[in-house]
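Me: Could you take a close look at one part of this model with me? I would like to follow a charged pair and then see what lies around it and elsewhere.

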Amino acid sequence: MNELIVCPTCKGDFVKEETRWRCPRDGYEVPLYEGKPVFTEMPQTAHVYEKIERGPDAGTPWRQANWKFLQEQISGLDKEALILDVGAGHGDFAAIFRGRNYLAVDIVPYPEVDLACDLAVCVPFKENTFDALALMNVLEHVYHFHELLDALHSLLKPGGSLIIAVPFMIKVHQAPFDFQRYTHYSLEEMARQHGFEVALLEGYYDPIFFLGEATRNLRFWVLPKLPRLARWAGRGILILIEGLVNLLKPLIGKGCVQTPAAAKNPAAIGYQLVLKK
Ligand SMILES: [Zn+2]
């Protein structure tokens, strides 16, 4: 799969040397870090995140919904399909791609990625290369998202899929690299503007998770301000609220995936999309 990585300027093959890859036509050079090419410098302020083990049943309900969604999308692909995981990080979803023709890219040269590159800046692949691109909880971290979407559109084969998960009602995370929250109207418009067809757009709705976030916020903001006794009372009230809502759980049910139109509820935890080229 590494042979898919080409010179970003002439799209020709590299000569692979010990410490760098070099383009014999235009002299473009890319340094290696632990054996992988690094096309763009990672920003000075970026953190390198520690690996958190994730799986189908680990992490927040949103993450679990993402896992199910991605697995369904990937299992529907041809065995030979070429897949690029964009912003793969520590390979949170790598288990889903196991045994497939799969490359992982991130702006940080994590051990789990094949190359480090900001695709909004530099594209070391030929056009029309991949059958599927995964962009799982990445879009909100990309300031130049129009450039990235243009690059991703060019990398997809005609008929290929861009598989996206993007949060909506989720707190700021991985600061300061958290730039956007998109409504589903914005996502649809964005897809159109960049030449994609929206094959699937669904929201993940989860009132219990939503309430959990709200009570965590209250705990954070309110409780430290209260005198000791009142703090105990405040904590008791929050626990009571959570308990009462838990009584409604059988009625509310777990989080669910619906089209935004069917849900009639603007407060999705996040959106999951399949865009076709
Ligand atoms: Zn070149």
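Which residue has a side chain that meets the side chain of Arg 22 in a salt bridge?

Reply: Happy to. The partner is Glu 17, with N to O at 3.2 Å. A salt bridge here is a side-chain nitrogen of Lys or Arg within 4 Å of a carboxyl oxygen of Asp or Glu. Before going on, please note that this is a predicted model, in which local features need pLDDT of at least 70 and side-chain atom pairs count only at pLDDT 80 or more, while totals for chains, interfaces and linings use all residues. Residues are numbered from 1 along each chain as its sequence is written, and side-chain values use heavy atoms, with hydrogens and water left out.

The pair does not stand alone: Glu 17, Arg 20, Arg 22 and Glu 29 are linked in a network of salt bridges. Within this network, the side chains of Arg 20 and Glu 29 meet at 2.4 Å, N to O. In general, side chains of opposite charge can pair when their charged atoms come close. Arg 22 has 26% relative accessibility and counts as partly exposed (buried is under 20% relative accessible area, exposed over 50%, partly exposed in between, with a 1.4 Å probe and protein chains only). Glu 17 is partly exposed as well, at 27%. The values for the other two are 26% for Arg 20 and 43% for Glu 29.

The backbone adds to this picture. Strand 2 (residues 20–22) and strand 3 (residues 29–33) run antiparallel and are joined by three bridges; the bridge partner of Arg 22 in strand 3 is Glu 29. Strands are DSSP runs of E with at least two residues and helices runs of H or I with at least four, numbered from the N terminus, and two strands pair if DSSP finds at least two bridges between them. An open sheet of four strands has the order 1-2-3-4, with antiparallel pairing. Strand 1 (15–16) and strand 4 (36–37) stand at its edges with a single partner strand each, so one side of each has no neighbour in the sheet.

Another salt bridge makes a useful companion: Asp 131 and Lys 157, whose closest N and O atoms are 3.1 Å apart. Asp 131 lies in strand 8 and Lys 157 in strand 9, so the pair ties together parts that are 26 residues apart in sequence. Lys 157 is partly exposed at 27% relative accessibility. Strand 8 (residues 130–136) has six of its seven residues buried, so the rest of the structure largely encloses it. Phe 130, found in strand 8, is buried at 0%.

Strand 8 pairs in the parallel sense with strand 9 (residues 156–167) over six bridges, with Ile 164 as the bridge partner of Leu 135. Strand 5 (residues 82–86) also pairs with strand 8 in the parallel sense, over three bridges, and there Ile 83 has Ala 132 as its bridge partner. Across the whole structure, the salt bridges number nine.
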